[in-house]
Amino acid sequence: MEDGFEPVALADGGAVLERGTTTMASTSANEISHDIPPVRATVFSCKLKKAADLKILSRHSVRGDAEVVVIDMTKHMKRDPDQNHCGRDQTGLVEAFRQVLSKDPGMQIALGEATTHYTLKGAGCITVFACNKGKHRSVAAAELFAEQHCLVARHLDVAEHLNVAEQELACKLPNGQKYVQTSYAASCTEGCSVSLEVQDDVSPPLQRCLSEELQSKGASGYDEATLRKWLEHRDAAATAMRKRDWVALGAELSAAVGLRPDWGEGWMGLHKALLKSGDANVADQALRDGLAACGSSVRAALACGVDAKAPSCGVMQLAGAMKRRLGPDAACGVFGLQTVDIDGSALLLYRDVGNHCGGPILAATLPLKLLILDVDGVLNTSGNANSGMLDPRLIAQLCSIVTETSCVMAISSSWRSFDELRPLIVAALPAGCVVGQTPCGFQNYIRPREVAELLKEPHLKRLLAQPGASWAVVDDMNLLKQAESLAATDIEVRRLLPELKLRFVRTDKSFGLDDKATKQLLRLLS
């Protein structure tokens, strides 16, 4: 049977289903959890309508005075996966499907928001992820959050959505409320692996991961003295949060992000503390300052060949908050670019903030060398689509092309259409490199049409007509096959196709921008 469920008898005659550390149990609706396993859950998933119902939570050992934070997943991930026919017969408990959902920028923002509350309110905080059905988004988020922080997750509504094999076993349970529980708490007590090589009878030092020890992504990039000071301010901020002392909370978080400028959760907490203090303008400036700091950390980390996951998450989280408060283009504005026109449409050639006539294209080296750039499968590898993940090695390959050809870039990736990802790619690449994008959209099969629309832009068309100018397209999708299909009914794509055959470089999404693709682009843009 799938996932290897095995029934285990309870002392009171009930039943528990176990899958590794995952259990499904049943309680009567009017019983108070006398048959609930002794490990207390602090992370829950359920339907929206019961998310804030403390009576329901009390049946699962949640006290009435507990700090409960509800994360509404429908605000972060708008579309129910059922509507996409994606995972219709699966739940967020299925690891492969959960990993797909984890790549959605909305999921990253939701987990960041939950982490902020968890960091500030302490381990006693009860985190409830909720969605319409309690099947996909909330379950996946609760699993990912529990795994990240070594907690116990309990899913209150997923049992009714289990697949046929699981339902056959579930129906043996007594009538009443069913839930599925997963514990990641054991991973916190696992010992560190130590090298067996010992010299001069001196035990080698333990290999430590400060990010895990301090439950804060990116902490390993700092020395322990700085982290000790940062931890003091973080703990003081948690105390101020519990006391609802917003002024003290703001002061402690301000000191903390001064020590760790890439701490996105800290900037988010500072923003909220300043809002509670009644200073909205200063609160919004904290978002801008945090985004600038995290963006700078992303670029610096990638330039050094270091993983930039922590500051990248900070960029996406802060950009999402800025979108909600200040508009869809506010985050790119922090990096000096206007990417959205006043009518809400995407600008094909970006403008400098505050300058409707100028933009980074005017500073490009002439004759113009333009690279129309995809991200997923080019600057990262398969399994990382729209996740914010960038591979330092592949970024280095791209930067070598920029150095040798002085090219600029227009983004064709779906990242251009996400208000959280567009500022991230702008921040990650060398300053001034990103000059525009293809029209917004999520229909990947029409990408050649979007490339054709970009190349028709009057100013760009004039620059590319100059002697010595050139352009190229890099993508992991087969744009030539797409173009041949579109050319039957689209005259612009038909006109583009002959030149596209000469200027298109396809990458393998398993490897990204490898040496072969880099050499091809250098030849086209030199």
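**View 1. Crossing of helices α18 and α19 in the predicted model.** Helix α18 passes α19 in a left-handed crossing. The two elements, α18 spanning residues 479-486 and α19 spanning residues 491-503, pack at an angle of about 155°, and their axes lie 9 Å apart. Because angles over 145 degrees count as roughly antiparallel, α18 is described as roughly antiparallel to α19. On the α18 side, the contacting residues are Leu479, Leu480, Ala483, Glu484 and Leu486; their partners in α19 are Val493, Leu497, Leu500 and Lys501.

**View 2. The largest nonpolar core.** This core comprises 70 residues. Leu249, Leu371, Leu373, Leu379 and Leu390 have the most contacts inside it. Helix α11, residues 280-303, gives the most to this core, contributing nine residues.

**View 3. Surroundings of Leu373.** With residues up to four places away in sequence set aside, Leu373 touches Val378, Leu379, Leu398, Met409 and Ala410. Leu373 also touches Ile411, Ser412, Ser413, Leu429 and Val474.

**View 4. A second, separate core.** This core has 30 residues. Among them are Val451, Ala452, Ala469 and Ala487.

**View 5. Stretches with pLDDT below 50.** The protein chain averages a pLDDT of 82, and 80% of the residues score at least 70. Over residues 1-39 the pLDDT is below 50; beyond near neighbours in sequence, this stretch has 92 contacts in the model. Residues 168-175 likewise have a pLDDT below 50, with 16 contacts in the model beyond near neighbours in sequence. Where pLDDT is low, the predicted coordinates should not be read in detail.

Methods: Residues are numbered from 1 along each chain as its sequence is written. This is a predicted model: local features need pLDDT of at least 70, side-chain atom pairs count only at pLDDT 80 or more; totals for chains, interfaces and linings use all residues. Side-chain values use heavy atoms; hydrogens and water are left out. A nonpolar core is a set of buried Ala, Val, Leu, Ile, Met, Phe, Trp, Tyr and Cys residues joined through side-chain atoms within 4.5 Å. Buried means under 20% relative accessible area, exposed over 50%, partly exposed in between (1.4 Å probe, protein chains only). Helices (H or I, at least four residues) and strands (E, at least two) are DSSP runs, numbered from the N terminus. Contact means heavy atoms within 4.5 Å. pLDDT is the predictor's confidence in each residue, from 0 to 100. Axes are lines fitted to C-alpha atoms, for helices over the stretch in contact, and angles run from 0 to 180 degrees between N-to-C directions. Angles under 35 degrees count as roughly parallel, over 145 as roughly antiparallel, 65 to 115 as roughly perpendicular and the rest as oblique. A crossing is left-handed if the near helix is turned anticlockwise from the far one by less than a right angle, and right-handed if clockwise.
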